[in-house]
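Here's a quick tour of a protein chain. Have a look at the sequence and the model, then read on.

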Amino acid sequence: MFFIYLASKQEVKIDALKQVLRERDLPWDIVPCEAKSGVSNQPFGLEEIRRGALNRLNCVDKLPVLSLETGIIKRMDEEETYYEDITCCVLKTRYGLFEAWSEPHPYYHFKWFSDESDKWDGLQSWLDLPEEDRKNITAGSLIYEKYKSNHTSITPNNWYGVNIYNANRKEYMNKCIIKVFYQLQSFQETLPLPVIPASCVMHNGVPFLDIQEPMIKHSRELMFAVKRLTDCLLFDTVVA
């Protein structure tokens, strides 16, 4: 049985990883772990978001372990300043760290509203909070409280459906997780395959691979080869 450790017990993160494993037909069991981010409850900026993901990762002493951290980023162009929600995904394996970012999801812009009375976007309410309060209160929780009666499927951690019909933070995380899995797969394909001497013996007219000698004289190489084969099968890589 294979295990992958998730540095969170948040439902949307568990569901995102489950979906990736199910779509790729990977027989891994997810082990959610309590892991503190060590940053604000509402991370702000790429650096704090990434630091939160790495801090969660370091709270789990098992491999492989996956961490996801979501926060707000600020962007500016010639006409306006706007904000987006983005997730950092980090996978730690015995081969090292693999990192990817989700596509950003936009917050409401005031100019999108034609009705002056409905110029409320949740994020502005968060931005209007004192700085210390912004560290402890998430924008998602404010959006949830405002729109939960009209959008029964949203949660404080998965409110994207308010902005875009049928949008789901899980799908953004899902694609982010796939990115780090592909990075791991690409790295594995660069590793040399060990060559282990073995012989073929006949038993009742059926050829069998005799691994007794490799197990005795090349146990380390054999163990590495089996592990490589397991990894390659797990990530849909054909080994010939």
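Accessible areas here come from the Shrake-Rupley method with a 1.4 Å probe, and for residues only the protein chains shown count as cover. By that method the chain has an accessible surface of about 14,000 Å², and carbon and sulfur atoms account for 52% of it. Keep in mind that this is a predicted model, where local features need pLDDT of at least 70, side-chain atom pairs count only at pLDDT 80 or more, and totals for chains, interfaces and linings use all residues. Residues are numbered from 1 along each chain as its sequence is written, and side-chain values use heavy atoms, with hydrogens and water left out.

Of the 240 residues in the chain, 40% are buried (under 20% relative accessible area; exposed is over 50%, partly exposed in between, with a 1.4 Å probe and protein chains only). You'll find eight helices and eight strands; these are DSSP runs numbered from the N terminus, with helices being H or I of at least four residues and strands E of at least two.

Take helix 6, residues 169-188. Its expected span is 1.5 Å times one less than its number of residues. For 20 residues that gives 28 Å, and the end C-alpha atoms are 29 Å apart, which agrees. Buried residues in helix 6 include Tyr172, Ile177 and Phe181.

Two loop spots have backbone angles worth a look:

| Place | Angle |
|---|---|
| Leu63 and Pro64, cis peptide bond | omega about -10 degrees |
| Asp25, not a glycine | positive phi of about 55 degrees |

Most residues other than glycine have a negative phi, and most peptide bonds are trans. Pro64 sits in the loop between helix 2 (46-58) and strand 3 (65-76). Asp25 is in the loop between helix 1 (11-23) and strand 2 (28-32), and Asp25 counts as exposed because its relative accessibility is 67%.
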